[in-house]
Amino acid sequence: MRYSHPASSGCHEHYRESYPRLIGPMGSRDTVRVQEWSRRLRIQEPWGRDRPPPKPGASRQSCQRAGDVGGSVVTSIYTSPLRPRVTSLSRATPPLHPARPPSPSNWSRPPRAMTRALRHVMAVANGVVAGRGLCRALLASSAQRRLSSFFGGEMPAGDTAGLDGRQVELLAEMCILVDQDDRPVGADTKKNCHLNENIHKGMLHRAFSVFLFNSKNELLLQQRSDAKITFPGCFTNTCCSHPLHVDSEMREEAALGVRNAAQRRLHQELGIPMEQVTPEELTYLTRIHYEAASDGVWGEHEVDYILFARKDVEVTPDPNEVQSVRYVTPDGLRELLARARDGSALVTPWFRLIAESFLFRWWDNLHDLESFKDHATIHRM
């Protein structure tokens with residue numbers, strides 16, 4: 001199937017025909033839809049003469065249900081002397097984002113690039129009909145990226161295709177936006193806070209890092225689950241997360257809101273009973289301000305509260321959050337950091353910054369942390 005530019009000779013209202021486009025981010029909670037919408041494109045079918053595809057009701061078969069694939073349903077098929085062509089792939093729910101036609105400036109791109117993108121979409125979709133073995137993730141990760149490339153990145157940013165469903169749900173949580181001095185200025189979703197395109201514009205949110213030691217003064221480390229969206233599979237401190245934009249976690253006095261959030265996340269991530277680590281048992285030391293990209297889409301830009309606790313606890317990690325846990329001595333951590341430097345181990349950037357700048361000094365003085373409290377300073381890392 002070849003597509004010619006609207007400026008082609010003979011282009012007429014008769015040739016207003018539809019072509020498929022992927023709409024909206026493709027995650028477990030999002031709508032997946034390949035929708036037809038009008039553009040002035042001349043379509044030349046491969047079976048011979050230049051003419052538009054068959055009109056509905058003429059040589060198109062009546063809406064054939066080809067089957068369910070990955071939660072989507074093929075609802076109509078073009079037929080030709082050669083092979084059927086999928087023209088619509090939809091779900092019962094409407095798309096989350098309205099269709100937006102490409103801007104006229106994008107038509108300066110060579111039509112051949114669009115031809116390749118659209119052919120790829122149709123090839124994937126027809127593969128779904130024929131084999132019914134291709135999953136939605138393939139359609140999302142492959143076809144959508146092709147179209148996004150052609151349309152100059154106009155597809156929604158932060159596509160959640162292929163990401164873990166539970167982690168995608170957590171992207172809807174509301175984080176606390178702050179200015180450079182850690183003063184709350186609003187709220188936004190966890191997703192928006194972790195998109196590099198927003199981070200590059202200066203979006204900054206509040207976070208915390210918990211360091212939990214046992215009675216032997218060993219530090220509890222976790223290895224982040226491979227399902228995590230940022231820094232999957234990396235070793236890090238006991239617990240790292242964000243206070244939410246709710247009253248109980250926005251209380252400023254002695255960072256009580258942050259400590260409440262830390263208690264919640266220790267339970268959710270590591271299964272530590274909430275009564276075993278209370279907010280009063282978490283010591284707030286200081287704050288750091290850092291920025292780090294996880295990949296080309298996701299990253300971190302946080303004012304991070306450092307919280308210490310020393311207590312023996314019961315640990316039952318949630319495998320969707322934590323891949324493994326271990327207690328380490330100072331020498332054990334130094335060995336891990338050395339492996340991270342030579343590339344044989346992965347460590348989160350905030351943990352590395354804290355460990356190389358402050359951690360060992362604090363670790364040597366767990367019995368007297370009061371002298372290390374510095375609530376006035378935000379260390380720019």
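I count a residue as buried when its relative accessible area is under 20%. I need that cut-off for Asp-182, which has 5% relative accessibility and therefore counts as buried. The model I am reading is predicted.

**Entry 1. Overall tally**

I began with the whole protein chain. I found eight helices and 17 strands. The chain has 381 residues, and buried ones make up 51% of them. Next I looked at contacts with a separation of 6 or more. Residues 24 or more positions apart account for 68% of these.

**Entry 2. The β8–β9 hairpin**

I went back to Asp-182. Where does Asp-182 sit? I found it in the loop between β8 and β9. Strand β8 covers residues 174-178, and strand β9 covers residues 184-189. The two run antiparallel and are joined by five bridges. I picked out one pair: Leu-177 stands opposite Gly-186 in β9. Five residues lie between the strands of this hairpin.

Then I checked the backbone of the turn. Phi of Asp-182 is positive, near 65°, and the residue is not a glycine. I noted the background: most residues other than glycine have a negative phi. So at Asp-182 I have a positive phi in the turn and a side that counts as buried, at 5% relative accessibility.

**Entry 3. Asn-217, for comparison**

I looked up another residue with a positive phi. Asn-217 is not a glycine, yet its phi is about 65°. It lies in the loop between β10 (205-213) and β11 (219-224). Is Asn-217 buried or partly exposed? Its relative accessibility is 31%, so I put it down as partly exposed. Asp-182, by contrast, is buried.

**Entry 4. Strand β11**

From Asn-217 I moved on to β11, the strand after that loop. How many of the six residues of β11 are buried? I counted six of six, and the strand is mostly covered. I then sorted the residues by face. Leu-219, Leu-221 and Gln-223 are on one side, and Leu-220, Gln-222 and Arg-224 are on the other. Both faces are covered.

I listed two partners for β11. Strand β16 (residues 322-328) runs antiparallel to β11, with six bridges between them. Here Leu-219 stands opposite Val-328. Strand β12 (residues 235-236) also pairs with β11 in the antiparallel sense, over two bridges. In that pairing Gln-223 faces Phe-235.

**Entry 5. Strand β14**

Why do I call strand β14 largely enclosed by the rest of the structure? Eight of the eleven residues in this strand (283-293) are buried, and that is the reason.

I checked the pairing next. β14 and β15 (residues 299-310) run antiparallel, joined by ten bridges. Thr-283 stands opposite Phe-308 in β15. The two strands are linked as a hairpin through five residues. Which way does β17 (residues 378-380) run against β14, parallel or antiparallel? I found it parallel, with three bridges. Ile-288 of β14 stands opposite His-379 in β17.

**Entry 6. Helices α7 and α8**

I turned to the helix pair. Helix α7 covers residues 330-341, and helix α8 covers residues 349-363. Their axes come within 12 Å and cross at roughly 160°. Angles over 145 degrees count as roughly antiparallel, so I class α7 as roughly antiparallel to α8. The crossing is left-handed.

I listed who makes the contact. From α7 I have Pro-330, Leu-333, Arg-334, Leu-337 and Arg-341. From α8 I have Phe-351, Ala-355, Glu-356, Leu-359, Phe-360 and Trp-363. By class, I get eight nonpolar residues, three charged and no polar ones.

**Entry 7. Pro-330**

I finished on one residue of that contact. Pro-330 belongs to helix α7. How does Pro-330 rate for exposure? Its relative accessible area is 25%, so it is partly exposed. Which residues does Pro-330 touch, leaving out those up to four places away in sequence? I found Phe-360 and Trp-363. I also took a distance to Leu-359, which is 29 residues apart from Pro-330 along the chain. Their C-alpha atoms are separated by 9.4 Å.

Note on methods:
Residues numbered from 1 in each chain as written. Predicted model: local features only at pLDDT ≥ 70, side-chain atom pairs only at ≥ 80, totals over all residues. Heavy atoms only, no water. Buried < 20%, exposed > 50% of the residue type's maximum accessible area, 1.4 Å probe, protein only. Helix = DSSP H or I, 4+ residues; strand = E, 2+ residues; numbered from the N terminus. Pairing = 2+ DSSP bridges. Axes fitted to C-alpha atoms, helices over the stretch in contact; angles between N-to-C directions. Parallel < 35°, antiparallel > 145°, perpendicular 65-115°, else oblique. Left-handed = near helix turned anticlockwise from the far one by under 90°. Contact = heavy atoms within 4.5 Å. Nonpolar A, V, L, I, M, F, W, Y, C, P; charged D, E, K, R; others polar.
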